[in-house]
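Here is a small set of exercises to work through with the coordinates open beside you. Try each task before you read its solution.

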Amino acid sequence: MTVAEHMDNSVQNVDIAIVGGAMAGATLALALARLSGTEKPLSIALIEAHLPDNSHPGFDARSIAIAHGSIFELSRLGLWPKLAHLGTAIKDIHVSDRGHFGMTELNASQFHLDALGQVVELERVGQVLFSELHKTQVKLYCPAKLSELIPDIDSHMLVLDSGERICAKLVVAADGLQSKVRSSFNLPITQVAFEQTAIIANLQTDKPHQHWAYERFTETGPLALLPMADSQGQPRLSLVWALDDSRAQAMLTAPKAEFLAALQQAFGYRAGQFIDVSERHAYPLNLSYMPRPIHHRCVFIGNASQTLHPIAGQGFNLGLRDVVSLLEVLQRALAQGEDIGGVAVTHGYLQAREADRNSTISNIEFLVRGFSNQYWPLALGRNLGLRLLSWFPPLKTPVAQKAMGWK
């Protein structure tokens, strides 16, 4: 049955339907609410399966680093002023290779910046984004799940589990790794298994973090600590610890004292002594990406397009660049009176994202494999590379630009 055969008064017609309202989807919806067409504002529908509380898989207990370049874009979109009070600045980054001599630092002061990025807690961010969405004309379907997607030449029909139907000229899939939109179109995805699992938790420490972030490469994978806002006067760090699958399961269920002791041994005492840990969560670490994140009247953004290993903290930052590129393509289409879901838009988005996306995915795969390998010539090479960054500060500029989310 075609979309045309479905058309009746019970169908909600919109220009753009966004499926998935976590970080990428909600950010896009808010940004689109500010765009106007030549005669009337864009009509936007946002479909999200979960309420924005701590049960939401995209707004859970994790913290993420928002890079300096991403803060610039969020500010340009008018969103960072709403989120700034949630941020904890990253002013310095220490990178080291456990058991080897390689280490380097990136310092905001070297680049005449106040901060290299900001750390935010996803649960609190979700509450702010949805509060802002309620102030817009975006048609919010939440909680609601996409149960069927019926394609047609000029639009797509989205059927929700409630029976509601939405007809959209363009569908934006922001519905994560297990994208219902992708599976509806039977589109391929490439997956690389690293045989690692990340343990995510918040730590309490015996000394202030002073806005330092740490990336330590160990024989089991990277270990990252991000500065967080104090809780009841207690300094906190956000932990992402990559381990092989069996070791991760053991650490997930280990008694608290045993876990903290193992973590202290792996990381050392540079950040002080770890004195407490919150509830621990485990996430399998894989690299997944669509070879072509577009389809007929459909584009894919964020984790629906690519899900990254957290080794360089670039997941949301890359997803935000998806959002920004799509906005630029849509603005051109509106200015030129083009079909908002036409080939010029989908292929324009594909072309805009290709170089940055491919480069980021390749670099992260190289980092994961290169820094998890203990083969001595490779270990020597990467440690010399880290030392060179310390010895010759000008070499840090391209590294820092990547870390700060600048293309």
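The exercises below go from the whole chain to helix pairs, single helices and single residues.

**Ground rules**

This is a predicted model, in which local features need pLDDT of at least 70 and side-chain atom pairs count only at pLDDT 80 or more, while totals for chains, interfaces and linings use all residues. Residues are numbered from 1 along each chain as its sequence is written, and side-chain values use heavy atoms, with hydrogens and water left out.

**Exercise 1. Describe the protein chain as a whole.**

Start with secondary structure: the protein chain has twelve helices and 20 strands. Helices (H or I, at least four residues) and strands (E, at least two) are DSSP runs, numbered from the N terminus.

Next, take burial. Of the 407 residues, 54% count as buried; buried means under 20% relative accessible area, exposed over 50%, and partly exposed in between, with a 1.4 Å probe and protein chains only.

Finally, look at contacts, meaning heavy atoms within 4.5 Å. Among contacts between residues at least 6 apart in sequence, 74% join residues at least 24 apart.

**Exercise 2. Work out how helix α2 packs on helix α5.**

First, the geometry: α2 (residues 23–32) and α5 (residues 122–133) pack at an angle of about 30°, with their axes 10 Å apart. Axes here are lines fitted to C-alpha atoms, for helices over the stretch in contact, and angles run from 0 to 180 degrees between N-to-C directions.

Second, classify the angle. The two helices are therefore roughly parallel to each other, since angles under 35 degrees count as roughly parallel, over 145 as roughly antiparallel, 65 to 115 as roughly perpendicular and the rest as oblique.

Third, list the partners. Met23, Ala26, Thr27, Ala29 and Leu30 of α2 touch Leu122, Val125, Leu129, Glu132 and Leu133 of α5. By class, this contact has eight nonpolar, one polar and one charged residues. Ala, Val, Leu, Ile, Met, Phe, Trp, Tyr, Cys and Pro count as nonpolar, Asp, Glu, Lys and Arg as charged, and the others, Gly among them, as polar.

**Exercise 3. Repeat the analysis for helices α3 and α9.**

Step one: α3 (residues 68–76) and α9 (residues 315–335) pack at an angle of about 40°, with axes 10 Å apart.

Step two: α3 and α9 are therefore oblique to each other.

Step three: on the α3 side, Ser70, Glu73, Leu74 and Arg76 meet Phe316, Asn317, Leu320, Val324 and Glu328 of α9. The residues of this contact divide into four nonpolar, two polar and three charged.

**Exercise 4. Find the buried residues of α5 and α8, and what covers them.**

Begin with α5. Its buried residues are Leu122, Val125, Gly126, Val128, Leu129, Phe130, Glu132 and Leu133. Their cover includes α2, β2 (44–47), β3 (63–67), α4 (80–83), β7 (117–121) and β8 (139–141).

Move on to α8 (residues 256–267), which has twelve residues and reaches 16 Å from its first C-alpha to its last, close to the 16 Å expected at 1.5 Å a residue. The expected span is 1.5 Å times one less than the number of residues. In α8, Phe259, Leu260, Ala262, Leu263, Gln264, Ala266 and Phe267 are buried. Among the elements covering them are β12 (190–205), β13 (212–218) and α7 (245–253).

To finish, check what comes after α8: Gly268 follows, with a positive phi near 95°.

**Exercise 5. Locate the unusual backbone geometry.**

Recall the background: most residues other than glycine have a negative phi, and most peptide bonds are trans.

Now scan omega. The peptide bond from Cys142 to Pro143 is cis, with omega near 0°, and Pro143 sits in the loop between β8 and β9 (146–151).

Then scan phi. Asn186 has a positive phi near 55° and belongs to the loop between α6 (180–185) and β12. Gln210 has a positive phi near 50° and lies in the loop between β12 and β13.

Last, check accessibility: Asn186 is exposed at 68% relative accessible area, and Gln210 counts as exposed at 59%.

**Exercise 6. Place Glu164 in its surroundings.**

Glu164 is in the loop between β10 (156–160) and β11 (165–173). With a relative accessible area of 38%, Glu164 is partly exposed. Beyond its neighbours within four places in sequence, Glu164 is in contact with Tyr141, Leu158 and Val159. Glu164 and Val11 are 153 residues apart in sequence, yet their C-alpha atoms are 7.3 Å apart in space.
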